[in-house]
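Please look through the structure below with the paragraphs that follow at hand. They go from strands and sheets to helices, and then to contacts between side chains.

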Amino acid sequence: MRVFFSSLLIGLTIILILCIILAKRSRKTISGSVAFLLSGIIAPIIGNTIIIASGNELVATIGCYTYYIGMDIFMYALLMFTFKYCSITWKNNILKNLVHFLVYFDIIQFLVNPFFGHAFETEKIIYDGFPYYRLVPHIGQTYHRIVCYGLFLAAIIIFVVMLIRSPRIYSERYSIILITLLVGGAWQSVYIFSRTPIDRSMLSFAILGFLIFYFSLYYRPMRLLDRMLAQIASDMPEALYFFDLSGRCIWANDPGKSLIDLDEKQMDKTIEKLNELFGDIETEHEEWSLKKVLGSGNDVRFYSIEKRKVETSNSRVVGSLISVRDNTQEQRNLQMELFNANHDTLTGLYTKEYLFKSFERKLKQSMDVAFLAGYVDVKNFKIVNDIFGNDFGDYAIKCIAELVNSFVPKEGICGRLAGDTFGFAMPVNKFDKEKVSNKLADFVVSKGKIEHRIMINIGIYEVNEKGLDVSVIFDRAHLALSMAGNEFQSGIIYYDDKMREMMLWEQLISTQLPKAIEEKQIVPYLQPLVDSAGKVVGAEALVRWEHPEHGFLSPGKFIPIFEKNGMIVEVDRYMWRCACEIISRWKDKDIFISINISPKDFYFMNVPEELKKLVNEYNIDKKKLRLEITETVMMTDSDSRMEILNDLRSTGFIVEMDDFGSGYSSLNLLKDMPVDLLKIDMMFLKASENDIKAQKIVQSIIHLTKDLGIESLTEGVETERQYQLLSDMGCRLFQGYYFSEPVPVEVFERSYL
């Protein structure tokens, strides 16, 4: 017995050492805890082996110390492994430090036992014909058992809790270790109470070490996994078919059976049925994948078919798997995403980016085809939203999109560029100008009781440079729209070289304006204002450009351009300063200068502040700097403009309304506008000097101004007869070529001062 158990325990120790070596080589995070636990098991086994093998009291006593201290290490290692294996962390350091203290104290009290004899002593007995030395426990041994059983019980409780709470797949890894712990603990208890010198429970602890080594580092619950994987495969949406090496189908999941109407008795017809549905499906071991499209229109279905080899862990081929996946919804989602990415959400037409890309592709693919590009713009669409609301506005945009799409042939493309602008491209010979013009002329949007005629202009550019960038092509079509006006009844305007030259001219003078102001190429000309006696009482400051390359430029060459791009503000500011400088030189003269204020000035600067700053800088009388405004100033934000004009008048400026009668002047406007002088446009009399009605209208306006306490000035006087006629009507101030054309400042000063 002594030899047998000693040899058995030595053999178990060697095996445990090998397990420790393998655990150390493992890359799993738990390998360190496993190696520590196995080392803890070895210590009591070695101690028990010494007790069994020795008949000497001293050697047996050393074995006891090794055994009991080893049990402390084993139980501590078991608890640490349990925490790691079950993924548990210490809730606080107090409990952890308490465990350390109990274990360390137990080890220390054994180490001092030779001096105090408080833990145990040994006594000699004869067992199975051989002398053994067994333990005689004292109070220290009781403490030892409390510590070891406490740690052991804590590990068991943790495994029980994990077994209850964990999914079924983990039950084996917890239950087997738990059972081994319970058996080992019971066996250890039997050994303690039997008082035999041979601790057979060491066998169960060694087995526990082997099980922990295996379950922690190598075990996988294959049967349970196989059952779970089979269930997962059965529930997968893909159709799955497993074939053996002979090419016979041995298993198919429910979607697979449903796809080809297969039952268990027809498994050998699987390939035949797959071929009926998809075409040729080979059964060799090579792996492949393919795409299939079945049906058409709304009934189209997309499938992804793949064949893979089925291999064992040692790479031995045991069969094959064919999977059929229905990708229809994915393909539809992808097509919808592509459609949404390339199409406008409101109208369904191409986006600007996709329109440009598609047109570029057409130009490259059809080099011998002449194309044109159209830029569609809706006039005053903001009014539609303001009057009828955004819902009707969106509906109108859809109707416009349908209109544009209706005259674009299948060889063409169209898209929404932005807001209320659209673009299209097509072969030149497919564009029916008359048909499109008729559609534009009759285009009315109706929704419920709302009906609104929408005016649409189209700029056309015929592509004659194949290498031209698409964005430039549409820019030129857009540029053609700058010529649109009420005179274009058809609403279709073609781009020509004159437009391009105009665009280049606009760019040229716009970039040259700052330098022109700096070098005083921009100069003021003065046109005299005379009274009924023919005396010059004032002048209007008019801008001229003495260009170093293009010579003398009349205002019509640049003012409309600057009005459009907003640079008129810089011109006006400069002209105001020139007028103030001239007035400052005429301080001893009773004469005034009228300056023009553009509607754009009110948007880009604080007009009252600028004017007040100038008159203060040049120390001039505000009444000598008269301010000419047009009625268009009041067309937008009229309340705010009224405030500004009242502010200017209250500080001493005289405000004049220019071009009264040339535009949309109304008595209502005259009633509300705070002005001091009305400049009447001679357009009333220019068409026909004998027109009695025109004369009566002018005479009525002159009398009306007197009644309102407003001065009147007639501009555009070109003949003596006009001058005499207006004088007889009661007008007292005049301006026009009959008296003088606009002249340079030095000429004005020489002639009239």
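In this predicted model, a convenient place to begin is strand β16, which is joined by three bridges to strand β17 (residues 551-553), the two running antiparallel. These two strands form a hairpin with three residues between them, and within their pairing His547 has Gly551 of β17 as its bridge partner. Strand β16 itself spans residues 536-547 and is mostly covered, since eleven of its twelve residues are buried.

The same strand also has other partners. Strand β15 (residues 522-531) runs antiparallel to β16 and is joined to it by nine bridges, one pair of bridge partners being Val523 and Arg544 of β16. In the hairpin of β15 and β16 there are four residues between the strands, and Gly534 takes a positive phi near 85° there. With strand β18 (residues 592-596), in contrast, β16 pairs in the parallel sense, over three bridges, and here Glu540 stands opposite Ser594 in β18.

Elsewhere in the chain there is an open sheet of five strands in the order β4-β3-β7-β6-β5, with antiparallel pairing. Its edge strands, β4 (249-252) and β5 (288-294), each pair on one side only, and neighbouring strands of the sheet are turned against each other by 20° on average, direction ignored. Within this sheet, strand β3 (residues 239-243) and strand β7 (residues 317-326) pair in the antiparallel sense over five bridges, with Phe243 standing opposite Ser320 in β7.

Helices lie against these strands. Helix α11 (residues 270-278) lies across β3, β4, β5, β6 (301-311) and β7, and runs at about 140° to β3. Helix α12 (residues 328-342) also packs on the sheet, where it touches β6 and β7, and its direction makes about 130° with that of β6. The loop between α12 and α13 holds Asp344, which counts as buried because its relative accessibility is 16%. Leaving aside residues up to four places away in sequence, Asp344 touches Leu349, Tyr350, Thr351 and Arg416.

The aromatic side chains give another view of the model, in which a search of the whole structure finds 32 aromatic pairs. In one of them, Phe359 and Phe371 have ring centres 5.9 Å apart and planes at 70°, so the pair is edge-to-face. Because Phe359 lies in helix α13 (residues 352-365) and Phe371 in strand β8 (residues 371-378), the pair ties together parts that are twelve residues apart in sequence. Phe359 is buried, at 0% relative accessibility, and Phe371 is buried as well, with a relative accessible area of 3%.

Tyr723 and Phe739 form another edge-to-face pair, with 5.2 Å from centre to centre and 90° between the planes. This pair links distant parts of the chain, 16 residues apart, with Tyr723 in helix α27 (residues 720-729) and Phe739 in the loop between β23 (733-735) and β24 (743-744). Tyr723 counts as buried at 12% relative accessibility, whereas Phe739, at 21%, counts as partly exposed.

Ring pairs also link Tyr65, Tyr67, Tyr68, Phe110 and Phe120 into a cluster. Finally, some rings are met by arginine side chains: the charged end of Arg626 sits over the ring of Phe592, 3.7 Å from its centre, while Arg641 lies over the face of Tyr603, at 5.1 Å from the ring centre.

Notes: Residues are numbered from 1 along each chain as its sequence is written. This is a predicted model: local features need pLDDT of at least 70, side-chain atom pairs count only at pLDDT 80 or more; totals for chains, interfaces and linings use all residues. Side-chain values use heavy atoms; hydrogens and water are left out. Rings of Phe, Tyr and Trp (its six-membered ring) pair if their centres lie within 6.5 Å; planes under 30 degrees apart count as stacked, over 60 as edge-to-face and the rest as tilted. Buried means under 20% relative accessible area, exposed over 50%, partly exposed in between (1.4 Å probe, protein chains only). A charge sits over a ring if NZ of Lys or CZ of Arg is within 6 Å of the ring centre and within 35 degrees of the ring normal. Two strands pair if DSSP finds at least two bridges between them. Axes are lines fitted to C-alpha atoms, for helices over the stretch in contact, and angles run from 0 to 180 degrees between N-to-C directions. Contact means heavy atoms within 4.5 Å.
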